[in-house]
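Me: I am new to this structure and would like a close look at one part of it. Please take the largest pocket and explain it, together with whatever helps to place it.

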Amino acid sequence: MTMISDLPNDLEAEILSRVPAKSLSRLKTTCKRWYALFRDPKFVVKNKKLGRAVRESILLTNHGDVCSVAGDLHDTVVNTPIEVSGKLTSLKGSNDFDFAEIFHCDGLMLCSELGNDRLVVWNPCTGQTRNIKARTSFQTNQTYALGYSTSSPSGHSYKILRYFDYRNDQEVWVPQCEIYDLSSDSWRVLDSFPLDYIMFRDGISLKGDTYWVAGHNESGYFMMKFDFTTERFVCLPLPIPIERFEDRFVLSVVRDEKLAVLLIDDSSDYLSYDRSEAMRIWVSNKISEDEDANKDLSWRSDLVLEVDFDNYSKNFRSFLLDEENKVAILCCGIEFVGEYYTTIIYIIGEDMLKEVYTGTITASRSHSPLVITYVPSLVRI
């Protein structure tokens with residue numbers, strides 16, 4: 001009987017390139033040839049294109065644990081509870097790592113620690129980690145993003161964007177933007193940085209670039225994109241004009257192809273007992289790595305829901321959309337009286353709002369929980 005090891009090396013590599021990355025990671029110690037093959041950048045790129053995309057999900061709870069979530073949340077069955085396992089251990093040193101934020105791109109996670117004392121890039125599939133040293137001291141009020149440039153002939157070149165404010169010698173707060181290049185292991189200041197507005201919520205990554213909602217109450221709000229190839233900020237339109245910060249909005253990505261915007265529109269006066277609210281989700285046209293093909297960004301309204309304000313928490317920062325079934329996963333956090341902090345996950349759809357996960361713990365601090373879905377990758381960092 002012919003075994004895979006009896007095949008020519010090029011045919012063997014062709015077959016293996018179609019196997020999911022997580023399965024390949026388990027096989028890397030099978031032999032030296034496979035170990036070297038799975039680290040080859042050309043094979044990694046080919047596996048990302050041809051390998052069967054088996055998505056995974058993780059949950060950053062509002063008390064700082066990072067947990068594995070069973071299955072692909074983009075295809076969640078409405079009547080099936082979401083299974084959340086224990087704390088992930090594939091991040092080396094995670095027992096003493098106090099997670100504050102996680103930023104995702106291309107199967108890689110950029111993790112910041114509470115107090116901004118540490119910054120780590122982590123591949124959950126391979127378990128590989130990389131500690132990042134700051135060019136200057138880490139600040140308490142800063143924004144991160146993880147992305148990649150497509151101009152490198154050897155494939156994706158991964159970078160970190162860091163935006164923060166600092167007080168200069170004249171006691172004036174000045175914004176500054178820095179870029180860290182993983183290939184050169186170095187920071188540099190981004191000179192052309194005309195950012196005179198605030199970036200709200202967490203950035204989301206699509207095709208190597210990062211998107212935020214940005215603006216301020218005087219000029220309104222818009223979508224801001226950072227292009228990691230050109231290293232420039234680009235202003236893009238939101239589906240509808242947003243003039244108030246009280247309108248709550250969150251960005252998401254639909255199957256690594258499209259952008260989605262969730263907006264909770266509180267149409268009542270904030271002193272009113274009658275809180276009439278609508279939750280709307282818009283989906284963009286497909287986004288590609290070809291910048292010229294993305295000049296005409298368009299939106300369509302995919303889901304409109306009337307929401308009972310009293311029956312669920314609105315302290316949320318992430319959602320996922322099942323576009324086919326018009327169902328969304330909404331991740332929320334609640335702080336009860338005392339020191340009890342709760343992470344709740346809802347499935348919402350037309351005429352439906354169902355709680356599918358609740359986790360409560362006593363903790364000394366809290367932040368909004370985050371759910372991430374991604375395709376595992378063999379990318380080396």
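Reply: On a 1 Å grid over the protein atoms alone, a pocket is an open set of points with protein on both sides within 12 Å along at least five of seven lines, a cavity is a set where a 1.4 Å probe fits but cannot get out, and lining residues have an atom within 4 Å of a point. The model is a predicted one, in which local features need pLDDT of at least 70 and side-chain atom pairs count only at pLDDT 80 or more, while totals for chains, interfaces and linings use all residues. Residues are numbered from 1 along each chain as its sequence is written, and side-chain values use heavy atoms, with hydrogens and water left out.

The chain as a whole comes first. The chain has 24 strands and four helices (DSSP runs numbered from the N terminus: H or I of at least four residues for a helix, E of at least two for a strand). There are 381 residues in the chain, and 52% of them count as buried (buried is under 20% relative accessible area, exposed is over 50%, and partly exposed is in between, with a 1.4 Å probe and protein chains only). If contacts (heavy atoms within 4.5 Å) are taken between residues at least 6 apart in sequence, 49% of them join residues at least 24 apart.

Now the pocket. The largest pocket has about 890 Å³ of volume (the space filled by probe spheres set on grid points that are joined across faces, edges and corners). Its lining is made of 36 residues. Those that lie nearest the centre of the largest pocket are Lys-48, Asp-106, Lys-207, Asp-256 and Val-375. Two helices and two strands give two or more residues each to this lining: helix 2 (21-27), helix 4 (41-50), strand 4 (99-105) and strand 12 (198-206). Sorted by class, the lining of the largest pocket holds 13 charged, 13 nonpolar and 10 polar residues (Asp, Glu, Lys and Arg are charged; Ala, Val, Leu, Ile, Met, Phe, Trp, Tyr, Cys and Pro are nonpolar; the others, Gly among them, are polar).

Lys-207, one of the residues nearest the centre of the largest pocket, sits in the loop between strand 12 and strand 13. Lys-207 counts as partly exposed because its relative accessible area is 29%. Its backbone has a positive phi, near 55 degrees, although the residue is not glycine. Most residues other than glycine have a negative phi. A second case is Arg-255, which is not a glycine either and has a positive phi of about 50 degrees. Arg-255 is placed in the loop between strand 16 and strand 17 (258-266). With 34% relative accessibility, Arg-255 is also classed as partly exposed.

Next come the enclosed spaces. The structure holds four cavities of 30 Å³ or more. The largest cavity contains about 360 Å³ of space, and 23 residues line it, with His-104, Gly-203, Ile-204, Val-371 and Ile-372 nearest its centre. Strand 4, strand 12, strand 16 (248-254), strand 20 (316-322) and strand 24 (370-374) each give two or more residues to the lining of the largest cavity. Strand 12 gives the most, with five residues. Strand 4 and strand 12 were also named for the lining of the largest pocket. By class, the lining of the largest cavity has five charged, seven polar and 11 nonpolar residues.

The second largest cavity holds about 40 Å³ of space. Its lining consists of Phe-103, His-104, Tyr-144, Ala-145, Leu-146, Gly-203, Ile-204, Ser-205 and Thr-210. Strand 4, strand 8 (142-149) and strand 12 supply two or more residues each to the lining of the second largest cavity. In that lining, five residues are nonpolar, four are polar and none is charged.

Strand 20, named above for the largest cavity, includes Ser-318. Ser-318 has a relative accessible area of 4% and is therefore buried. Beyond its neighbours within four places in sequence, Ser-318 is in contact with Val-250, Ile-329, Leu-330, Cys-331, Pro-369, Leu-370 and Val-371. Val-371 is also one of the residues nearest the centre of the largest cavity.

One further buried residue is in strand 22 (residues 340-349), namely Tyr-341. Its relative accessibility is 7%, so Tyr-341 counts as buried. Along the chain, Tyr-341 and Gly-359 are 18 residues apart, and 8.3 Å separates their C-alpha atoms.
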